[in-house]
Amino acid sequence: MLATLSALLAEAAEKKETVNPVLPTTNEIVYGAIFFVLLLIFMWAVCLPPIKKAMRQRDEQVQADLEAAERANAEAEQVRRDYDATLAEARAEAARIVEEARHAADVRRGELIGAVETEVAAKRQAALAELEAQRAAALGDLRDEVAGIAAQAASQVVQQPLDAAAQRSVVDEYVNQAIAAR
Amino acid sequence: MFAAVEFPPIENIVEWPTWFGSGALAFNKIAFMGFIAFILPVLLFLIASSKYKTRLVPKGIQNVVESSVDFVEKQIILPTIGPDGMGYLPLLLSMFLFIFIGNLFEIIPTAHMPANARMANPLVLALITYVVFIGAGLKHNGPKYFVSALFPPGVPKALYVLVTPIELISTFLVRPFSLAVRLFANMLAGHILLITFSVLTISLVGGGILAIISPFSFGMLVAFTGFEFMVAFLQAYIFTLLTGVYIGGAIHPAH
Amino acid sequence: MSTLSHIVHTVAQQAGEAAETTGLNADEAKAVAGAGGAGMAYGLAAIGPGIGIGYLVGQAVQAMARQPESAGQVQTTMFLGIAFTEALALIGFVVFILLKFV
């Protein structure tokens, strides 16, 4: 179709003197080619290389800056983590010290309470022993007195002095029986 | 009724008188636009690159230049040729800027004529594309390029009777023409569209009672001017993109 | 297809009749026929690509809506498809220019 078209165009151009709006004119082809080839050469050799170089340089710089920022970020993160770790350590240390102190206090309190308890127990023991001794003494005295009174009363009854020692064993036995019965 | 202003004959809207020179070197408006389309990118790039000495962060002109470079790299080369096509950046960038600035004259007041609405520039660019994509195929694949282009692998043997002539015509004959005609016809159509609405607006203004609908015509003119700005960009993009596709197809024939 | 040839035939016939009845010379008759043919050529050339581009862009929008992450690639392919489809309409436009103005 296009071949027919161009043949048609050529025929039309030959036949008539009127301008054909579709066919190119020589002078415009010449100038178009000249200026485009000039533009191409300038672009190739002069204009584009510095632009591309600057763009690449900037890209690299941006990339480098980005990497540096990344690295600084990582470093800051590391520092923060270290700080956090130190903080946690200090906190653990503090807790440990408090725990130790509490433990020591507990031990000390236990010791003190133990000591006081033994002392109190000893005092109570001593008091009880004294009480027992006094009661035994009182009982002894009482027994002697009862025996004496009984012997005296018996001697009054029998009108003759009784052998105090012999009577005494009888009284003792009686008293013991009374105590046991009570 | 519309006799006040008639649609101008076609040679009045696409042919431009010679400024100086004669014959094959006659310098006219189209050639001047070609000159601007050459000198403007060069100046912009030179100014931008001189500014990098003092400032690496882009600003102003540097942004314009860098975004054009970025656009060609990311939107044209990467999807069509791939990362190994960065060597074609100067060609494709020049092509894009040359076509785009040439197209922009369509809507710049006092110029109002796209340089690519003449067949010359599109034809030159399409022929350069033709040479470059065949050259790229030969450079990367050697003479085997023609074999793989004409006898695409994976086709049953019997079908080559059908496929090879089609491939021959579509790849090696029609491509440069369709490339050139696409750009040329788009810009010429836009140019004629804008002229039509301008002429209609002027005719309506001088057309008695019909003057009341001239604002609508004028509104359409404004709207189409905006539309043509988009077309100017899109055609430059598509021309460059297709060049990239052709080069990519020549470099990687397997696709 | 017969309708199309019928239309073209009718246009040519009208041009011939116009030449006969109004006494136009050959060039003027050709201009009349050319104007009719030009309108026909562009109008017919615009139908197919119009439908094609509409369908193409619709499908591309659907694809982009389904997979927004591949929108860039779809867009590039869409522009390529538009460029190839549009070429047909543009050749029709060139034929229009040739018929009308040459």
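Chain B is built from eight helices and zero strands. The model described here is a predicted one, and a walk along chain B is a good way into it. From the N terminus on, the elements of this chain run α-α-α-α-α-α-α-α. Measured out along the principal axes, the C-alpha atoms of chain B fill a box of roughly 70 × 60 × 40 Å. The chain has 255 residues, and buried residues make up 51% of them. Contacts within chain B often link distant parts of the sequence: among those between residues at least 6 apart, 68% join residues at least 24 apart. On the outside, chain B exposes about 11400 Å², and carbon and sulfur atoms supply 76% of this area.

The next topic is the meeting of the two chains. The size of an interface is often given as the accessible area lost when the parts come together. For chain B and chain A, the buried area is about 3800 Å². Carbon and sulfur atoms give 78% of that buried area. In terms of residues, chain B brings 49 to the contact and chain A brings 34.

Polar and charged pairs also occur across this interface. Six residue pairs are found in polar contact between chain B and chain A, with both residues at pLDDT 80 or more. Three salt bridges are found across the interface as well. One salt bridge joins the side chains of Lys52(A) and Glu73(B), with an N to O distance of 2.1 Å. Several helices of chain B take part in the side that touches chain A: H1 (10-14), H2 (29-51), H3 (61-80), H4 (89-104), H5 (120-141) and H7 (160-205) each supply at least two residues. The largest share, twelve residues, comes from H2(B). Sorted by class, this side of chain B has 37 nonpolar, six polar and six charged residues.

Salt bridges can now be followed through the whole model. Side chains of opposite charge can pair when their charged atoms come close. Over all chains, the count comes to 15 salt bridges. Helix H2 of chain A, which covers residues 26-158, offers some helpful examples.

In one of them, the side chains of Arg80(A) and Asp84(A) meet at 3.3 Å, N to O. What separates these two residues along helix H2 of chain A? Arg80(A) and Asp84(A) are four residues apart in the helix, so about one helical turn lies between them. Arg80(A) counts as partly exposed at 45% relative accessibility, and Asp84(A) is partly exposed too, with a relative accessible area of 35%.

A second example pairs Glu93(A) with Arg96(A), whose side chains form a salt bridge at 2.7 Å, N to O. Glu93(A) and Arg96(A) are three residues apart in helix H2 of chain A, so they are separated by about one helical turn. Glu93(A) has 37% relative accessibility and counts as partly exposed, while Arg96(A) is partly exposed at 40%.

A further salt bridge links Arg135(A) and Glu132(A), with the closest N and O atoms 3.0 Å apart. Here too the partners are three residues apart in helix H2 of chain A, so about one helical turn separates Arg135(A) from Glu132(A). Glu132(A) is partly exposed, with a relative accessible area of 44%. Salt bridges can also share partners, and in this way Glu77(A), Arg80(A), Arg81(A) and Asp84(A) are joined into one network.

Note on methods:
Residues are numbered from 1 along each chain as its sequence is written. Chains are lettered from A and ligands numbered from 1 in the order in which they are written. Side-chain values use heavy atoms; hydrogens and water are left out. Contact means heavy atoms within 4.5 Å. Buried area is the accessible area (1.4 Å probe) that two parts lose on being put together, summed over both. A salt bridge is a side-chain nitrogen of Lys or Arg within 4 Å of a carboxyl oxygen of Asp or Glu. A polar contact is a pair of N or O atoms within 3.5 Å; within protein, one must be able to donate a hydrogen and the other to accept it, and residues adjacent in sequence count only if both atoms are side-chain atoms. Ala, Val, Leu, Ile, Met, Phe, Trp, Tyr, Cys and Pro count as nonpolar, Asp, Glu, Lys and Arg as charged, and the others, Gly among them, as polar. Buried means under 20% relative accessible area, exposed over 50%, partly exposed in between (1.4 Å probe, protein chains only). Accessible areas come from the Shrake-Rupley method with a 1.4 Å probe; for residues, only the protein chains shown count as cover.
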